[in-house]
Amino acid sequence: MADGDLYDVVIVGGGPGGLTAGIYAMRAALKTVLIEKAVPGGQVAMSDGVENYPGFESITGYELSQRFLQHAQSYGMVVLQEEVVALEPGLDYHSVQLNNGDLLKAHTVILATGGSPRKLDIPGENEYYGKGVSYCAVCDGFFFRDKIVVVVGGGDTAAEEALYLAKLAKHVYLVHRRDALRASMILQQRVKEECKIEVLWNTIVTEIKANDQGVNAVQLQDVHTGDQRALATDGVFIFIGFDPNNQLVPAGTKMNADGYVVTNEKCETNMPGIYVVGDLREKYAKQIVVAAADGCTAALVAAYYVEMKKTGEAVCELPDDLLSSVQ
Ligand code: NAP
C-alpha cells in the first residue's frame, strides 16, 4: 500500500482529549482525521457552564468545545461525522471501520471515546440535564452555593461528591436505596460527621421536577413502604456509577476491572501505536483539563512513533526529556 493512503493518526472521539490531540497532531504536521459520531465536544458540550478550565472564568461547555474545534480546524484538521464500529490493530497499520462502510488505515490511533455516567432513567432526568440535573459536582457545584441539593448514590463517588457539595451548598440530601453506604469506611465517617449532609436511607428518586428557573423538587419513594413524598431542591447530582465507552478497545488491550484502559504516563496502551486519552483511560481525575493534557501527550508520542516508523528506525521509548521539549 502507498504510504499516502495511510493516515498518520486517526482520532476517535471529539471531546477535549480528542480535539487537543488534533491540535497537537496538526501542529506536528501529521496527516490527521478526527471522527466523531455526534457533535464535537463530547460530554463537555452539554455542560451549562464551565468555571474550572484555566483561562476561562466562566464559559459554556458548548462554547469551550467550539473553541477547541475551531482551534484544531484552524490547522486544517478534517472532522468526519461518522460512527466508528471497529478498530482492528495490525502490524503494518491499524484499520478503523466506519458505519458507512469506509475503512481508514492509520499508523496510529488515539481513542478518545470517554465514558457515560449511569442514568436513573426517570422522568425529568434528561429534560432538566444542565438545568439542575448534573453528573459532576466539581463542574457544576459552584452554581449551587447556599442552595439545597440532592445527591443520589451510595458509593465512593456519591460520598466524595456529597462532601464536596457540602462545602458550597446550604444542605445536601444524600439519597440512597439501601440502609448502608457502599462507600469506604473513611468516607462514610466523613459523611456522618458533616452536619450539612442528611442521608435519606432506603429511598429512591422516582421523578425530577422543575419550573421555569430549573429543578425545584424531586419525588421520593421509600423502597420498603412504597410511600411517596416530594422534596424541594435546587439541584440533583446523580452518582450511581460511570461506564467507560470501551466498545472499540481491541481485544488484548490491558484494562482494569472497571473497564478503563490501563496506559503508561504517555497514554500508550500495550498495543503499539494505539493510545487512549481522557475519561476512557484509567486515571485519578476525570476533568477537561486532564483530558486535554492526555490529548497533548498522546499526539506528541504518536508523532514520534510515526517518524520512527517512516524512517525505518525501531520504535523505542520516547525519552522523557523529549516530551517536555517537543512543541
Ligand atoms: P459504585 O461503587 O458502583 O456505586 C454506585 C452506587 O450507586 C451504589 O451505592 C449503588 O447502590 C447506587 N446505585 C446504582 N444504581 C442505582 C440506581 N439505579 N438507583 C439508585 N442507586 C443506584 O460507583 P462509584 O461510586 O462511581 O464508584 C466506582 C468505582 O470507583 C468504585 O470501585 C469506587 O470504589 C471507585 N472510586 C473510588 C474513589 C476513591 O477511592 N476515592 C472515589 C470514587 C470512586 P448499591 O450500593 O445499593 O448497589
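Here a trainee and a mentor talk through a predicted model of one protein chain.

Trainee: Let's start with the whole chain. How many helices and strands does the chain have?

Mentor: There are 7 helices and 17 strands.

Trainee: What makes the chain as compact as a globular protein of that length?

Mentor: Set two values side by side. The radius of gyration is 22 Å, and the globule rule gives 20 Å for 327 residues. Those are close, so the chain counts as being as compact as a globular protein of that length. As for the box that the C-alpha atoms fill, it is roughly 70 × 40 × 40 Å along the principal axes.

Trainee: Which domains does the assignment give?

Mentor: Domain 1 takes in 3-116 + 242-325, and domain 2 covers 119-238. The centres of domain 1 and domain 2, taken over C-alpha atoms, lie 33 Å apart.

Trainee: Okay, now single residues. Why is Ile288 called buried?

Mentor: Buried means under 20% relative accessible area. Ile288 has 15%, so Ile288 counts as buried. You'll find Ile288 in helix H6, residues 288-310.

Trainee: Which residues does Ile288 touch, leaving out those up to four places away in sequence?

Mentor: Pro16, Val44, Val50, Tyr53, Leu64 and Phe68. Also have a look at Thr20: the C-alpha atoms of Ile288 and Thr20 are separated by 10 Å, though the two residues are 268 apart along the chain.

Trainee: How do you know whether Gln219 is buried or exposed?

Mentor: Use that cut-off again: under 20% is buried. Gln219 has a relative accessible area of 15%, so Gln219 is buried. Gln219 sits in strand S13, residues 214-222. Not counting residues up to four places away, Gln219 touches several others, including Ile204, Thr206, Glu207 and Arg229.

Trainee: What covers the buried residues of H4?

Mentor: First, who they are: in helix H4 (residues 156-166), the buried residues include Ala158, Glu161, Leu163 and Leu165. Their cover includes helix H3 (137-140), strand S9 (148-152), helix H5 (185-193) and strand S15 (235-238).

Trainee: And a loop residue: why is Gly259 called buried?

Mentor: Its relative accessible area is 11%, and the limit is 20%, so Gly259 is buried. Gly259 lies in the loop between strand S16 (242-244) and strand S17 (274-276). Leaving aside neighbours within four places in sequence, Gly259 is in contact with Pro244, Asn246 and Leu280.

Trainee: What about Cys267, in the loop between S16 and S17? Is Cys267 buried or exposed?

Mentor: Cys267 has a relative accessible area of 1%, so Cys267 is buried. Cys267 also has a positive phi of about 65 degrees although it is not a glycine.

Trainee: Where is Asp146, and what is its phi?

Mentor: Asp146 is in the loop between H3 and S9. Asp146 has a positive phi of about 60 degrees, and it is not a glycine.

Trainee: Why is Asp146 called exposed?

Mentor: Exposed means over 50%. With a relative accessible area of 58%, Asp146 passes that mark, so Asp146 is exposed.

Trainee: Back to the whole chain, then. What share of the 327 residues is buried?

Mentor: Buried residues make up 50% of them. The chain exposes about 15,900 Å², with carbon and sulfur atoms supplying 49% of it.

How values were computed: Residues are numbered from 1 along each chain as its sequence is written. This is a predicted model: local features need pLDDT of at least 70, side-chain atom pairs count only at pLDDT 80 or more; totals for chains, interfaces and linings use all residues. Side-chain values use heavy atoms; hydrogens and water are left out. Helices (H or I, at least four residues) and strands (E, at least two) are DSSP runs, numbered from the N terminus. The radius of gyration is taken over C-alpha atoms; the globule rule is 2.2 Å times the number of residues to the power 0.38. Buried means under 20% relative accessible area, exposed over 50%, partly exposed in between (1.4 Å probe, protein chains only). Accessible areas come from the Shrake-Rupley method with a 1.4 Å probe; for residues, only the protein chains shown count as cover. Domain bounds come from an automatic or database domain assignment. Contact means heavy atoms within 4.5 Å.
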